[in-house]
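Visitor: I'm new to reading structures. Could you walk me through a few features of this one?
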Amino acid sequence: MKWVYVEELKNHINEEVELRGWVWNLRSSGKIHFLQFRDGTGFVQVIVERSTVPERVFDEAGRLRIESSVIVRGLVKEDKRSPYGVEVLATDVAPVQIPKEPYPISKKDHGIDFLMSYRHLWLRSRRQFHILRVRDAIIWAIRKFYKDRNFVLIDTPIFTGSIGETAGNLFELDYFDYGKVYLTQTGQLYLEAACLAFGKVYNLGPTFRAEKSKTRRHLIEFWMHEAEVAYYEHEDNLKLQEELVSHIVKYVLENASDHLVALGRDISKLEKVTVPFERISYDEAIKFLQSKGVNIQWGDDFGGDEETLIASQFEKPVFVTHYPRKAKAFYMQPDPSRPEVVLCADLLAPEGYGEIIGGSQRIHDYDLLVERLKEFNLPVDKYQWYLDLRRWGSVPHSGFGLGIERTVAWICGLEHIREAIPFARTLYRVYP
């Protein structure tokens, strides 16, 4: 008998198959056991009827508990009520392991603290299944986008001696005889080196920020995708970002819309995410916020509330461009026509999800970069390798970073970012 996965059952109607997985729920009417079965690719109902199976099989099915691991053999029947369009009429049920204790996550409502403490089991739920399937689709979309454009994947280091963003939110470690190193905030500096070797590069990996933040948008450890392109200037950078984000959304709608529907996501809002995206300047954003009664002055950075208010004017992501140079990182290129602002942009997602991308044109002039390092009180000697990029073959170049979890939260319509990653690391949680 052929072993198949739930996602393949629609191709085996009226055939006998074998399924290997787990019982995520069950009920019995006395003459029939209804097993809600999952195998990691989907969920299906398995029916065990006393009148059609040997007594031994019916009794074995009656012994099962939630999260019993089990091998089921049976006939696949069409059932239009099922999300997969089928159900399975069992002919044999073979337990692999029956738990001795009740499953800790029951049907009753549990608090988020309880569920996060059992995250290793909570991943088995239908909601988490759908969220992380969408995450998988988003990551595949990113890889496909760059593969189709002949970008080179560069794996950037996690340990670094160079501060990528600000010194205030670094995790510091002792690195043998070298001294202090940090968990990376960004792979950007290393991608800049790579783009001068390969032209068009990207990465995808974990980053770390030691921020004592408890908002629904922040994690301590999160995954970042970054891209860097030689000879790209500010406008080229924005165009690449909007093409990437619209591609991701389109790919998810084409390949994982059933997961979005299962989550209750209004996909009509995502269907509006097409290029081009709207743009407003930082100056315009400040005036808008002030007109809404927000106590904010030119030079201040935006928090989550301000980002939500700005993005609420738009149905798709919006760029906020030309921030004050003092509010942004040391490596951003000043606007030649207005040196107090830099050639940068944050991309704000609609529906209150805030910044999903930050990017800029990078400083390519050696002397200006040294000046900026000193302005930020950063140790110039630690950046000699980074300055070398401006000594030999320097060119204008630009890049950006996209937060994977924020993108997942927005596309799935999640209330909190902690569900957008398999095992969240937040201010008070490193278990499990």
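Guide: Sure! Keep in mind that this is a predicted model. Let's start with an open sheet of three strands, ordered β8-β10-β9, with antiparallel pairing.

Visitor: Which strands stand at the edges of the sheet?

Guide: Those are β8 (159-160) and β9. Each has a single partner strand, so one side of each lacks a neighbour in the sheet.

Visitor: And what holds strands of a sheet together?

Guide: In general, strands pair through backbone hydrogen bonds, in a parallel or antiparallel way. Here, β9 and β10 pair over four bridges in the antiparallel sense. Look for Asp 174, which stands opposite Lys 180 in β10. The loop between β9 (172-175) and β10 (179-183) holds Tyr 178. Tyr 178 also helps make a nonpolar surface patch of about 640 Å², together with Ile 158, Phe 159, Leu 173, Tyr 175 and Phe 176.

Visitor: How do I read a pair of aromatic rings?

Guide: You describe such a pair by the distance of the centres and the angle of the planes. This structure holds 21 aromatic pairs. Take Tyr 146 and Tyr 202: they are stacked, 4.6 Å centre to centre with 15° between the planes. Tyr 146 sits in helix α4 and Tyr 202 in strand β11 (residues 200-208), 56 residues apart, so this pair links distant parts of the chain.

Visitor: Is Tyr 146 buried or exposed?

Guide: Tyr 146 counts as buried, because its relative accessibility is 0%. Tyr 202 is buried too, at 6%.

Visitor: What about the pair of Tyr 282 and Tyr 323?

Guide: Their ring centres are 5.3 Å apart and the planes meet at 45°, so that pair is tilted.

Methods. Residues are numbered from 1 along each chain as its sequence is written. This is a predicted model: local features need pLDDT of at least 70, side-chain atom pairs count only at pLDDT 80 or more; totals for chains, interfaces and linings use all residues. Side-chain values use heavy atoms; hydrogens and water are left out. Patches are made of residues with over 30% relative accessible area and no salt bridge: like charges are joined within 9 Å, nonpolar side chains (Val, Leu, Ile, Met, Phe, Trp, Tyr) within 5 Å. Accessible areas come from the Shrake-Rupley method with a 1.4 Å probe; for residues, only the protein chains shown count as cover. A salt bridge is a side-chain nitrogen of Lys or Arg within 4 Å of a carboxyl oxygen of Asp or Glu. Helices (H or I, at least four residues) and strands (E, at least two) are DSSP runs, numbered from the N terminus. Two strands pair if DSSP finds at least two bridges between them. Rings of Phe, Tyr and Trp (its six-membered ring) pair if their centres lie within 6.5 Å; planes under 30 degrees apart count as stacked, over 60 as edge-to-face and the rest as tilted. Buried means under 20% relative accessible area, exposed over 50%, partly exposed in between (1.4 Å probe, protein chains only).
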